[in-house]
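Reader: I have a chain on the screen and do not know how to read it. Where should I begin?

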Amino acid sequence: MESVVIHHSDEANEGDQHDMDATYNVVEIFHSVQGEGYRSGIPHVFIRFGNCNLRCEWCDTNFDEYEEMRVSDILDVVLEYPCRNIIFTGGEPMMNDLWPIARVLKQHGYHLSVESNGTIAIPEGLLDWICISPKDQMYPQVSVRQRTGNELKCVYVGQSLSMYDGLKDGFDHLFLQPCYDEHDTVEQNGRTFALTEDVVKRNPEWRLSLQTHKWMGIL
Ligand code: SF4
């Protein structure tokens, strides 16, 4: 009886190829500066995944239009940019099994962040930076399952900050962010900003996060 000897390096190559062949629904890939939260001001390549498990009324992303891309094709696009930081965003990126793309990008030396609504637990060791932006201030029926991470970034719509008492200890940095409405005037957005600024002044463990890219007109 013939036996087939599979060397460890062959197994590794097969694993690499399997990861390269994995596919994801991608809305867009673009190079920009992170405009909000702790890593604001740092250039990143954004990979925006299609689909979301929520439908927030302020959502500014058309996540229902996407194309299927192989990891190898995503890598080709990403490698064109002089940038070692990647953000997985969406939609809700954690609706995907991100292990294949994360393994490939880590092998190429990328720092991987995620922006997630927190409704899906994130596997340990998958990512370098976890930013959770819960939506339960608007949708109380939504459970936050990812309760640890690097930053908790909450859109402020007048909610009591006590709703984060059981959550905030799991995060290193806490941010409140006014909701920028591109249909409003600078003055109207300024009033929303001032309300959030006032809350942060009275609750200094929280920091103000502005969507600076939107204030700059990069929508
Ligand atoms: S969770 Fe984010 S991507 Fe999903 S609908 Fe809400 S704002 Fe949009």
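Author: Begin with contacts, and keep in mind that this is a predicted model. Take the contacts between residues at least 6 apart in sequence: in this chain, 58% of them join residues at least 24 apart.

Reader: What does the chain span along its principal axes?

Author: The C-alpha trace spans about 75 × 35 × 25 Å along those axes. The chain has 219 residues, and buried residues make up 28% of them. Buried has a cut-off here: 20 or more other C-beta atoms lie within 10 Å of the residue's own.

Reader: How many helices and strands are there in the chain?

Author: Five helices and nine strands. Read from the N terminus, the elements follow the pattern α-β-β-β-α-β-α-β-β-β-β-α-β-α.

Reader: In what order do the strands lie in the sheet?

Author: Order in a sheet is read from strand to paired strand. Here the nine strands form an open sheet with the order β3-β1-β2-β4-β5-β6-β7-β8-β9, and the pairing is mixed. β3 and β9 (207-208) are the edge strands, as each pairs on one side only.

Reader: Which helix packs on the sheet, touching β7, β8 and β9?

Author: That is α4, residues 186-202. The strands it touches are β7 (149-156), β8 (171-178) and β9, and the direction of α4 makes about 145° with that of β8.

Reader: The pairing is mixed. Which strands pair with β1 in the antiparallel sense?

Author: Look at β1, residues 23-33, and follow its bridges. With β3 (residues 67-70), β1 pairs in the antiparallel sense over four bridges. T23 stands opposite R70 of β3. With β2 (residues 43-49), β1 also has antiparallel pairing, over seven bridges. There, S32 has H44 in β2 as its bridge partner.

Reader: Do β4 and β5 run parallel or antiparallel?

Author: Parallel: β4 (residues 85-89) and β5 (residues 111-116) are joined by four bridges. To find one position on this pair, look at I86, which stands opposite L112 in β5.

Reader: Which residues surround the ligand?

Author: Read the shell as a list of positions along the chain. The ligand is surrounded by C52, L54, R55, C56, C59, T61, F63, G90, G91, E92, N117 and K135.

Reader: How many residues of that shell are nonpolar, polar and charged?

Author: The shell around the ligand divides into five nonpolar, four polar and three charged residues. When you check this on the screen, count Gly among the polar residues and Cys among the nonpolar ones.

Technical notes: Residues are numbered from 1 along each chain as its sequence is written. This is a predicted model: local features need pLDDT of at least 70, side-chain atom pairs count only at pLDDT 80 or more; totals for chains, interfaces and linings use all residues. A residue is near a molecule or strand if its C-beta atom, placed from the backbone, lies within 6 Å of it. Two strands pair if DSSP finds at least two bridges between them. Helices (H or I, at least four residues) and strands (E, at least two) are DSSP runs, numbered from the N terminus. A residue is buried if 20 or more other C-beta atoms lie within 10 Å of its own, exposed if 12 or fewer, and partly exposed in between; C-beta atoms are placed from the backbone. Two residues are in contact if their C-beta atoms, placed from the backbone, lie within 7 Å. Axes are lines fitted to C-alpha atoms, for helices over the stretch in contact, and angles run from 0 to 180 degrees between N-to-C directions.
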